[in-house]
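Here's a quick briefing on the fold in front of you. Take a look at the sheet and the aromatic rings as you read.

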Amino acid sequence: MTDATTYVAEFIDGPLEGDFEQRSLVHGEPEQRVGMVAAVDGLESLFWYDAVEQREVNGQVRVKFRFDAGDSDPVESDEEND
């Protein structure tokens, strides 16, 4: 039985490349843009991703998201902590 209130987000590039996440549908639809907070080299950063493809696999909605580097925090390591 599939859950009609969630979808699977797949991050196809950027800092979260290869990650998958179960997310809630908003008003029955997947989000078109998501902000993700992640630690890169110990520093928390905000990364924005835009939906680029939606499909159904075995009754589950899956959405591929592409990294928006222009709106995201820079991906830089903290040299002092290395």
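Two strands count as paired if DSSP finds at least two bridges between them. Strands themselves are DSSP runs (E, at least two residues), numbered from the N terminus. By that yardstick, β3 and β4 pair in the antiparallel sense over eight bridges.

Bear in mind that this is a predicted model, where local features need pLDDT of at least 70, side-chain atom pairs count only at pLDDT 80 or more, and totals for chains, interfaces and linings use all residues. Residues are numbered from 1 along each chain as its sequence is written, and side-chain values use heavy atoms, with hydrogens and water left out.

**The sheet**

- Five strands make up an open sheet with mixed pairing, in the order β2-β1-β5-β4-β3.
- β2 (20-24) and β3 (33-40) sit at the edges with a single partner strand each, so one side of each has no neighbour in the sheet.
- From one strand to the next, the twist averages 40° (axes are lines fitted to C-alpha atoms, and angles run from 0 to 180 degrees between N-to-C directions).

**Strand pairs and hairpins**

- β1 (residues 6-11) runs antiparallel to β2, with five bridges between them; here T6 stands opposite S24 in β2.
- In the β3 and β4 pair, G35 stands opposite W48 in β4.
- The hairpin of β3 and β4 has two residues between the strands, and D41 takes a positive phi near 50° there.
- β4 and β5 also run antiparallel, joined by eight bridges, and E56 stands opposite V61 in β5.
- The hairpin of β4 and β5 has two residues between the strands as well, and in it N58 takes a positive phi near 50°.

**Aromatic rings**

- Searching the whole structure turns up four aromatic pairs (rings of Phe, Tyr and Trp, the last by its six-membered ring, with centres within 6.5 Å; planes under 30 degrees apart are stacked, over 60 edge-to-face, the rest tilted).
- One of them is F47 with F67, an edge-to-face pair at 5.9 Å centre to centre and 65° between the planes.
- F47 lies in strand β4 (residues 43-57) and F67 in strand β5 (residues 60-67), so this pair ties together parts 20 residues apart in sequence.
- Both F47 and F67 are buried (under 20% relative accessible area, with exposed over 50% and partly exposed in between, using a 1.4 Å probe and protein chains only).
- The ring centres of Y49 and F67 lie 5.4 Å apart with planes at 50°, so that pair is tilted.
- Y49 in strand β4 and F67 in strand β5 are 18 residues apart, so to speak a link between distant parts of the chain.
- Y49 is buried too, like F67.
- F11, F47, Y49, F65 and F67 form one aromatic cluster.

Conventions:
Helices (H or I, at least four residues) and strands (E, at least two) are DSSP runs, numbered from the N terminus.
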